[in-house]
Amino acid sequence: MKQPDSMRAVVLTGHGGLDKLAYREDWPVPDPAPGEVLIRVGACGLNNTDINTRTAWYSRAVGGGITPTSGSAGFEEAEAEAGSWGSAALRFPRIQGADVAGRIAAVGDGVDPARIGERVIVDPWLLGPGDWLDTANAAYFGSECDGGFADYTTVPARNALRIDSPLSDAELATFPCAYTTAENLVARTGLKPGETVVIAGASGGVGSAAIQLCRLRGARVIAIASRAKAGLLEELGADTVIDRATPDMAEAIRAAAGGGVEVALDVVGGGLFAPLLEALRHGGRYSSSGAIAGPVVEFDLRQLIYKDLQLTGATIVPPGTATRLVSLIEQGLLRPLLAERYPLRELGAAQEAFMQKRHVGNIVVTMA
């Protein structure tokens, strides 16, 4: 079946505020290269990378505070050669969006035509052969290449993962980025059955995914979030929810755990970093995949040294992680948290809602 020549797309034209998102209805439909597939996008979820890239948050030349919501202050200071998550150059215009669910519409040379019509979600980590921890060998869908905020997108065939699920495209689009990130975040700590884990930012996409993945491992979960979100997080499996406005957070965590916790998972940073370390027991493990409350923190090095702590970052997701998650989704072991859905032309409004952080789970853009 011949594809149309043009499509709808939201194009990021440069670093800046929401005015840098341009809705187009005349964008050319991409052709799949050898080894690639063309996906007709059903839905595409939002994640922090979309915001961080647009606002130049990754560039060290830009202020290290909370991600700005609009305007242009500071963006002119961004280092053009270090604008992506891996401190590499970012080319504009760019179609963002990593969390794609849809169907294969066409295939490039070398890909079995029988895959046309297959329902898929995208593994957003485009890892080459060899050392996948080498950033030169690890591109991210919707960052170093065009992503899914469009009617059509292309991706290497190996990254289009067949899925058999009764969930809608919008529900499936809540999984790729948040759940692969959360799985890596948890795996980096070596969490064991019976251990207690505290999760900062537990109501966001990654945090809510981490609650479920920790429970599947048999861990006890303490979640940090606003009081209004406690009920839903308990439904997901949190044993205790601590109000994020609690004055002495470290003491509150220790009280909930009956002592220090073995593991702390953090997507918040900022003022929560120090209390999380204080709440860890001797030999505890801390893992971070984000810093939405600010990347620059105060750090008493004695916490690391004299408590024999292990601190790890968690960004590049190991090969095979998304495939494992597809299996868990198909078994019904993971719950999609679809907070809100917006039409493609309202991506700017969707990003604004995303940055307000009043939702639980994921916000998704749909193409229908």
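This note walks through a few features of the structure above, from its nonpolar cores to one of its pockets.

1. **Before you start.** Keep in mind that this is a predicted model. Residue numbers count from 1 along the chain as its sequence is written.

2. **The largest nonpolar core.** A good place to begin is the largest nonpolar core, which has 68 residues. Those with the most contacts inside this core are Val 197, Ile 199, Ile 211, Cys 214, Leu 233, Ile 253 and Leu 265. Helix α4, residues 205-216, gives the most to this core, with six residues. Apart from the largest core lies another one, of 42 residues, and among them you can find Ile 104, Ala 160, Leu 347 and Ala 350.

3. **A close look at Ile 199.** Try selecting Ile 199 in your viewer. Leaving out residues up to four places away in sequence, Ile 199 touches Gly 207, Ala 210, Ile 211, Cys 214, Val 221, Ile 222, Ala 223, Ile 224 and Leu 265.

4. **Helix α4: its length.** Does the length of α4 agree or disagree with what is expected of its twelve residues? At 1.5 Å a residue, α4 should span 16 Å, and its end C-alpha atoms are 17 Å apart, which agrees. After α4 comes Gly 218, whose phi is positive, near 85 degrees.

5. **Helix α4: its surroundings.** Why can we call α4 largely enclosed by the rest of the structure? Ten of its twelve residues are buried, so the description fits. The buried residues are Gly 205, Val 206, Gly 207, Ser 208, Ala 209, Ala 210, Ile 211, Gln 212, Leu 213 and Cys 214. Here is a useful reminder: an α-helix has 3.6 residues a turn, so residues three or four places apart point the same way.

6. **Thr 49.** Now move to helix α1, residues 48-54, where Thr 49 has its place. Is Thr 49 buried or exposed? Thr 49 has a relative accessible area of 16%, and buried means under 20%, so Thr 49 counts as buried. Not counting residues up to four places away in sequence, Thr 49 touches Tyr 58, Gln 96 and Tyr 140.

7. **The second largest pocket.** Finally, look at the second largest pocket, which holds about 150 Å³ of space. Of the 13 residues that line this pocket, Pro 30, Asp 146, Gly 147, Thr 153 and Thr 154 are the closest to its centre. Strands β2 (21-28) and β8 (152-156) each supply at least two residues of the lining, and the largest share, four residues, comes from β8. By class, the lining has eight nonpolar, three polar and two charged residues.

Note on methods
This is a predicted model: local features need pLDDT of at least 70, side-chain atom pairs count only at pLDDT 80 or more; totals for chains, interfaces and linings use all residues. Side-chain values use heavy atoms; hydrogens and water are left out. On a 1 Å grid over the protein atoms alone, a cavity is a set of points where a 1.4 Å probe fits but cannot get out, and a pocket is an open set with protein on both sides within 12 Å along at least five of seven lines; lining residues have an atom within 4 Å of a point. Grid points are joined across faces, edges and corners, and a volume is the space filled by probe spheres set on the points. Ala, Val, Leu, Ile, Met, Phe, Trp, Tyr, Cys and Pro count as nonpolar, Asp, Glu, Lys and Arg as charged, and the others, Gly among them, as polar. A nonpolar core is a set of buried Ala, Val, Leu, Ile, Met, Phe, Trp, Tyr and Cys residues joined through side-chain atoms within 4.5 Å. Buried means under 20% relative accessible area, exposed over 50%, partly exposed in between (1.4 Å probe, protein chains only). Contact means heavy atoms within 4.5 Å. The expected span of a helix is 1.5 Å times one less than its number of residues.
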